[in-house]
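Thanks for coming. I will take a few minutes to walk through one model, with the structure on the screen.

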Amino acid sequence: MFVSSPRRTHFVAVGATAISTVILLSLLPSDKVEANRQIHSIELPDIAQHTNEIANGHRTDSALSDENKISEITNSAANSGAETAGDQQWQPTTLVKGDNLTSIFRRLGLTDKDVYAVANAKHEASQLRRLKPGETIAVALNNEGSLAEVKYSRSRLEHYMYRRGNNGFNGEKVLYEPETVATFQQGRIQSSLFLDASRAGLSEAKIMEMANIFAWDVDFALDIRNGDQFSVLYEEKYLEGEKIGYGDILAASFTNQGKTYEAVRFKATDGSVSYYSPDGKPMRKAFLRAPLDFTRISSNFNMRRKHPIHKRIKAHRGVDYAAPRGTPVYAAGNGKVIAAGYSRPNGNYVFIKHGEKFITRYLHLTKRKVRRGQTVKQRQTIGTVGSTGYATGPHLHYEFLVNGVHRNPRTVKLPQATSIAANKKAEFIKQTGPVLARLKQLGSTQLALLSSKP
Ligand SMILES: [Zn+2]
């Protein structure tokens with residue numbers, strides 16, 4: 001749907017006044033996740049790009065309020081006095097490869113004279129020289145049957161309007177800001193993080209995002225257990241009552257084998273966004289818990305059992321990750337490759353030194369992707385899972401050494417990252433406090449509901 005807009009180039013911010021948003025609370029029982037949703041209004045000063053109508057009482061559908069919002073925009077635009085096509089018929093067309101204004105206008109039954117007039121519009125004419133397939137253009141005629149308005153839409157949010165005036169066409173840019181709605185989801189793991197989180201309503205991208213936030217504390221490949229729990233507060237973006245995308249995770253908690261980790265988003269004054277524990281320590285740490293993607297591990301729970309490959313080898317001093325051949329293996333931390341080669345027991349291997357104290361080793365790779373002496377970054381692919389050397393099936397054998405001594409990479413105590421600077425602590429608490437409180441409150445509301453269930 002297009003809406004009419006005022007004459008000047010402007011930025012339609014959807015209400016910047018109020019400090020409220022909506023929580024979609026998914027009331028999921030632990031064993032069965034249902035799309036049973038309730039809406040609660042809350043106050044979150046730090047994510048307050050929303051108007052206030054929604055906050056008044058409980059609504060059953062966030063889309064309702066979004067529709068209100070859009071009609072507001074429409075009204076304000078109409079009231080600004082711009083002459084619009086009003087109830088005239090818009091003729092839209094979707095751009096295909098090779099389209100230019102001439103081909104589009106011909107398709108819509110317009111003349112080359114129209115093309116010339118619009119292409120020479122005052123303001124924003126240059127936008128029409130950057131047309132791309134998939135975008136749309138719509139035209140409207142006046143009562144005399146000649147071209148009155150052209151609407152060029154790059155996306156749901158970015159539009160260009162060209163209107164006939166006394167001296168040719170005039171163009172303007174119209175931007176819409178989607179409404180951001182905070183959404184809460186919670187779930188308990190029964191089969192796999194991926195399956196249970198999708199059942200709880202999280203998109204694939206959001207599951208990965210959540211896993212990546214906790215990837216320094218939780219080994220999602222090996223340590224996930226039945227009964228582990230997660231809760232996530234994240235943003236959804238709406239325009240005209242329709243969900244058009246997702247925003248960031250605002251806060252999340254993950255309980256792994258009885259231990260709960262919490263993370264909250266903090267936006268620094270320079271605009272950069274990172275996740276911190278509630279006491280202000282960065283979630284990002286020097287080493288990943290698992291040097292590969294948990295999604296590639298065939299079964300989280302099977303891995304609890306002893307892996308057959310090394311059971312007869314006396315001194316097995318690493319962790320084995322069974323994963324399909326070709327699965328990317330990441331550098332667990334920033335460092336320098338001190339060895340990359342082949343030996344009969346290890347197959348293709350890569351050793352990385354991290355600072356003075358730490359060394360990580362990766363064995364049985366199909367391919368090595370780095371050379372000796374090379375500097376690597378955390379999460380950089382250094383090779384792929386294979387079964388070279390003494391290995392009966394594709395798996396990654398991973399070792400972690402501290403001062404030359406083998407340690408369990410999944411439990412070893414790692415250097416603590418520095419907390420948020422003292423002079424930023426006040427801002428940190430102000431920004432993250434309400435979000436964390438909300439996460440906690442929604443989580444416990446749900447728990448109470450669960451435990452009161454017959
Ligand atoms: Zn091994």
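I will go over the overall make-up and the confidence, then one helix, then two residues with unusual backbone angles.

To be clear at the start, this is a predicted model. The protein has 454 residues, and 37% of them are buried. Its secondary structure consists of six helices and 22 strands. If we take the contacts between residues at least 6 apart in sequence, 64% of them join residues at least 24 apart.

Now the confidence. The average pLDDT is 78, and 74% of the residues reach at least 70. Where is confidence lowest, and where is it highest? The low end is strand 3, residues 37-42, with a mean of 30. The high end is strand 19, residues 375-376, at 98. Residues 1-85 have a pLDDT below 50, and the model gives this stretch 160 contacts beyond near neighbours in sequence. Another stretch below 50 covers residues 299-314, with 15 such contacts.

Next, helix 5, which spans residues 204-214. Which of its residues are buried? They are K206, I207, M210, A211, I213 and F214. These residues lie on the same side of helix 5, because they cover an arc of only 155° around the axis. As a reminder, an α-helix has 3.6 residues a turn, so residues three or four places apart point the same way. On the other side of helix 5, E204 and A205 are exposed. What covers the buried residues of helix 5? The cover includes helix 4 (193-199) and strand 10 (229-239). Strand 11 (242-256), strand 12 (259-267) and strand 13 (273-276) are also among the covering elements.

Last, the backbone angles. Most residues other than glycine have a negative phi. H364 is not a glycine, yet its phi is positive, about 70°. H364 sits in strand 18, which runs over residues 358-368. Is H364 buried or exposed? H364 has 26 other C-beta atoms within 10 Å, and the cut-off for buried is 20 or more, so H364 is buried.

The second case is N403, also a residue other than glycine, with a positive phi near 50°. N403 lies in the loop between strand 21 (395-402) and strand 22 (405-407). N403 has 9 C-beta neighbours inside 10 Å, and the cut-off for exposed is 12 or fewer, so N403 counts as exposed.

To recap the two cases: H364 is buried, whereas N403 is exposed. That is the end of my part.

Note on methods:
Residues are numbered from 1 along each chain as its sequence is written. This is a predicted model: local features need pLDDT of at least 70, side-chain atom pairs count only at pLDDT 80 or more; totals for chains, interfaces and linings use all residues. Helices (H or I, at least four residues) and strands (E, at least two) are DSSP runs, numbered from the N terminus. pLDDT is the predictor's confidence in each residue, from 0 to 100. Two residues are in contact if their C-beta atoms, placed from the backbone, lie within 7 Å. The arc is that of the directions from the helix axis to the C-beta atoms.
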